[in-house]
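I opened this notebook page to record what I looked up in the structure, one entry at a time. The entries begin with a single residue and then move on to the helices around it.

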Amino acid sequence: MILETFTFPETVVYALVSWCVMLLMFFLARRYRRLHVAVMSSIITLDFLFPFYLYLTRDWGRRLFDEGDILSFMLWTHLLLVITMYVLYVVQIQAGRRLLRGEGQERSGLRSEHRGLGIAILVARGLVVFTGALLVESHYEAAPSFGLMLGACGQAAPGVFFETRSRCAPTVSKKSSGTASKIC
Ligand code: HEM
């Protein structure tokens, strides 16, 4: 079963769950105004703190320099998306604060601007989570993440993107007994 090979680290689980909560709060914004503001503010705050958590819990020196991920296309794509998301957050907070001050009552344009920004945030955050999940595996592997992304082990199954550990397990070949080789 492909599903059995999926491994979600705590970071991807959090990102996926909070994306779903964000989506829910997007649709419930008008009905549960205060809850909307509280939940969105919390998720945005946690998103700003997220890089610090990653910095404290991952070995970035080894990952970026020893394993050469600093040159990974996926890593830079991810970084660009993260920056885009943060910029959208800042603009959205300003729009949200203006709505809270009551400016949205007179100008319906502000509300549609806030809604439009909300859609952009959901898309950007979704892409951040997806590219982040693609980067997970190479954290545990010496191989370049782009190679892993393309399924370096010859696996086209999407499950390969979400694993945190290598699927290539050392095994003893039956023909040449005692010889350990890697199978994928
Ligand atoms: C700190 C951040 C935010 C604040 C302070 C805030 C505040 C508000 C306020 C005051 C409203 C007006 C609710 C009403 O009409 O009674 C609103 C509506 C809305 N918000 Fe936010 N919001 C924030 C973040 C977000 C985010 C991140 C999204 C989407 C991902 C979002 C999506 C929406 C939507 C779709 C509406 C309904 C707009 C409409 O159709 O009138 N908001 N928000």
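Before listing any neighbours I fixed the term: I count two residues as in contact if their C-beta atoms, placed from the backbone, lie within 7 Å. I also note at the outset that this is a predicted model.

Entry 1, Ala15. I located Ala15 in helix 1, which covers residues 10-27. Setting aside the neighbours within four places in sequence, I found Ala15 in contact with Val129 and Gly132. I also looked up Val128, which lies 113 residues from Ala15 along the chain, and the C-alpha atoms of the two are 9.1 Å apart. Is Ala15 buried or exposed? I entered Ala15 as buried because it has 22 C-beta neighbours inside 10 Å, where the cut-off for a buried residue is 20 or more.

Entry 2, helix 6. I turned next to helix 6, residues 108-136, whose 29 residues reach 42 Å from the first C-alpha to the last, close to the 42 Å expected at 1.5 Å a residue. Among the buried residues of helix 6 I noted Gly118, Arg125, Val128, Gly132 and Val136.

Entry 3, helix 1 against helix 6. The axes of these two helices are 10 Å apart, and I read a packing angle of about 165°. Angles over 145 degrees count as roughly antiparallel, so I wrote down helix 1 as roughly antiparallel to helix 6. The crossing of helix 1 with helix 6 is left-handed. From helix 1 I listed Val12, Ala15, Leu16, Trp19, Met22, Leu23 and Phe26, which meet Gly118, Leu122, Arg125, Gly126, Val129, Gly132, Ala133 and Val136 of helix 6. Sorting the residues of this contact by class, I have eleven nonpolar, three polar and one charged.

Entry 4, helix 1 against helix 2. How far apart are the axes of helix 1 and helix 2, and at what angle do the two pack? I found the axes 10 Å apart and the angle about 150°, with helix 2 spanning residues 33-57. That angle makes helix 1 roughly antiparallel to helix 2, and helix 1 passes helix 2 in a left-handed crossing. On the helix 1 side the contact is made by Ser18, Val21, Met22 and Met25, and on the helix 2 side by His36, Val39, Met40 and Ile43. By class I noted six nonpolar and two polar residues, with no charged residue, in this contact.

Entry 5, a cross-check. I looked for Met22 in both lists and found this residue in the contact with helix 6 and in the contact with helix 2.

Conventions. Residues numbered from 1 in each chain as written. Predicted model: local features only at pLDDT ≥ 70, side-chain atom pairs only at ≥ 80, totals over all residues. Buried ≥ 20, exposed ≤ 12 C-beta atoms within 10 Å, placed from the backbone. Axes fitted to C-alpha atoms, helices over the stretch in contact; angles between N-to-C directions. Parallel < 35°, antiparallel > 145°, perpendicular 65-115°, else oblique. Left-handed = near helix turned anticlockwise from the far one by under 90°. Nonpolar A, V, L, I, M, F, W, Y, C, P; charged D, E, K, R; others polar. Expected span 1.5 Å × (residues − 1).
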